[in-house]
Amino acid sequence: MLAMWLGVALAAEPSAAEQRALQQVHEIEWARGSVLELASQLAGAAPEARADVALALGRLREAEALDVLVELRDDPAPAVRLAAAQALGWTPGSAEALRAWIAEEPRPSAPAARAAADEGVPVALIRSLGQAAVSEADVEVLRALLREPWPYGAAAARAIGRVAQREVPGADAAVHDLFARLDAPDPRLVADVAWALARAKPAEAAPAEV
């Protein structure tokens with residue numbers, strides 16, 4: 001049994017080559033390297049390094065990173081797709097790409113699978129759209145997602161709270177949708193709806209309601 005656990009622990013440790021690849025990504029990011037420099041680290045890299053590249057590209061907050069991040073949606077490693085979904089939320093001009101990915105990304109319907117998705121790609125995409133939304137079309141997607149069960153509806157509620165704070169076109173109508181979801185049977189969803197309303201500060205609500 002001890003030998004088995006040691007084998008698992010050793011397998012989890014990155015190899016020397018993988019450690020060098022991760023260090024290279026971190027050095028490029030620390031030096032504020034370009035999108036091209038970071039993207040050049042993807043070829044042949046292990047999933048952990050590719051995920052680090054995706055997050056580093058997002059932290060650049062440069063529109064030039066958009067094409068690279070969109071390509072990573074087809075990466076075979078879930079961790080890389082998750083990192084790309086998160087990074088798109090920080091990347092200028094990513095809203096349209098996020099809407100397209102959300103439309104195609106499966107959202108599990110079974111309760112156990114939904115619970116596993118809480119920190120997965122579908123929820124990350126919804127959160128990122130809340131950060132990147134700039135138009136009424138973006139808000140319409142979030143309004144539709146608000147009608148879905150937890151965790152998707154909860155992520156959409158928080159995203160709507162953020163777009164309302166930024167006064168994105170269409171946010172006022174989305175805030176009215178939040179009031180309707182206060183009657184949702186799942187208290188986890190209601191908690192995030194209340195969080196969003198507190199940040200949206202709708203004019204028609206009394207202070208006690210907010």
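Among contacts in the protein chain between residues at least 6 apart in sequence, what percentage join residues at least 24 apart? The share is 65%. The legends below describe a predicted model.

**Figure 1. Overview of the predicted protein chain, built from 13 helices and zero strands.** Read from the N terminus, the elements follow the order α-α-α-α-α-α-α-α-α-α-α-α-α. Of the 210 residues in the protein chain, 44% are buried. The chain exposes about 11000 Å², and carbon and sulfur atoms supply 57% of that area. The mean pLDDT of the chain is 87, with 84% of its residues at 70 or more. Residues 1-11 have a pLDDT below 50, and this stretch has zero contacts in the model beyond near neighbours in sequence. Where pLDDT is low, the predicted coordinates should not be read in detail.

**Figure 2. Packing of helix α11 (residues 152-165) against helix α13 (residues 187-200).** The axes of the two helices lie 8 Å apart and meet at an angle of about 0°. Because angles under 35 degrees count as roughly parallel, α11 is described as roughly parallel to α13. Helix α11 contributes Gly 153, Ala 154, Ala 157, Arg 158, Gly 161, Arg 162, Ala 164 and Gln 165 to the contact. From α13 come Leu 189, Asp 192, Val 193, Trp 195, Ala 196, Arg 199 and Ala 200. By character, the residues of this contact comprise eight nonpolar, three polar and four charged.

**Figure 3. Close-up of Asp 192 in helix α13.** The relative accessible area of Asp 192 is 13%, so this residue is classed as buried, the limit for that class being under 20%. Apart from neighbours within four places in sequence, Asp 192 is in contact with Ala 154, Ala 157 and Arg 158. These three partners are among the residues that α11 brings to its contact with α13.

**Figure 4. Surroundings of Gly 58 in helix α4 (residues 47-60).** Gly 58 has 0% relative accessibility and therefore counts as buried. When residues up to four places away in sequence are set aside, Gly 58 touches Ala 87, Trp 90 and Thr 91. A further reference point is Ala 84, which is 26 residues from Gly 58 along the chain; their C-alpha atoms are separated by 7.9 Å.

**Figure 5. Thr 91 in the loop between α6 (78-88) and α7 (95-104).** This view takes up the contact with Gly 58 from the other side. Thr 91 is likewise buried, at 2% relative accessibility. Its partners, with residues up to four places away in sequence left out, are Gly 58, Glu 62, Ala 63, Leu 66 and Leu 69.

**Figure 6. The cis peptide bond between Trp 150 and Pro 151.** The omega angle of this bond is about 5°. Pro 151 is located in the loop between α10 (136-146) and α11.

**Figure 7. Positive phi angles at Arg 61 and Glu 167.** Arg 61 is not a glycine, yet its phi is positive, at about 55°. This residue belongs to the loop between α4 and α5 (66-71). Arg 61 is exposed, since its relative accessible area is 53% and the exposed class begins over 50%. Glu 167, also a residue other than glycine, has a positive phi near 55°. Glu 167 is part of the loop between α11 and α12 (171-181). With a relative accessible area of 69%, Glu 167 is exposed.

How values were computed. Residues are numbered from 1 along each chain as its sequence is written. This is a predicted model: local features need pLDDT of at least 70, side-chain atom pairs count only at pLDDT 80 or more; totals for chains, interfaces and linings use all residues. Side-chain values use heavy atoms; hydrogens and water are left out. Axes are lines fitted to C-alpha atoms, for helices over the stretch in contact, and angles run from 0 to 180 degrees between N-to-C directions. Helices (H or I, at least four residues) and strands (E, at least two) are DSSP runs, numbered from the N terminus. Angles under 35 degrees count as roughly parallel, over 145 as roughly antiparallel, 65 to 115 as roughly perpendicular and the rest as oblique. Contact means heavy atoms within 4.5 Å. Ala, Val, Leu, Ile, Met, Phe, Trp, Tyr, Cys and Pro count as nonpolar, Asp, Glu, Lys and Arg as charged, and the others, Gly among them, as polar. Buried means under 20% relative accessible area, exposed over 50%, partly exposed in between (1.4 Å probe, protein chains only). pLDDT is the predictor's confidence in each residue, from 0 to 100. Accessible areas come from the Shrake-Rupley method with a 1.4 Å probe; for residues, only the protein chains shown count as cover.
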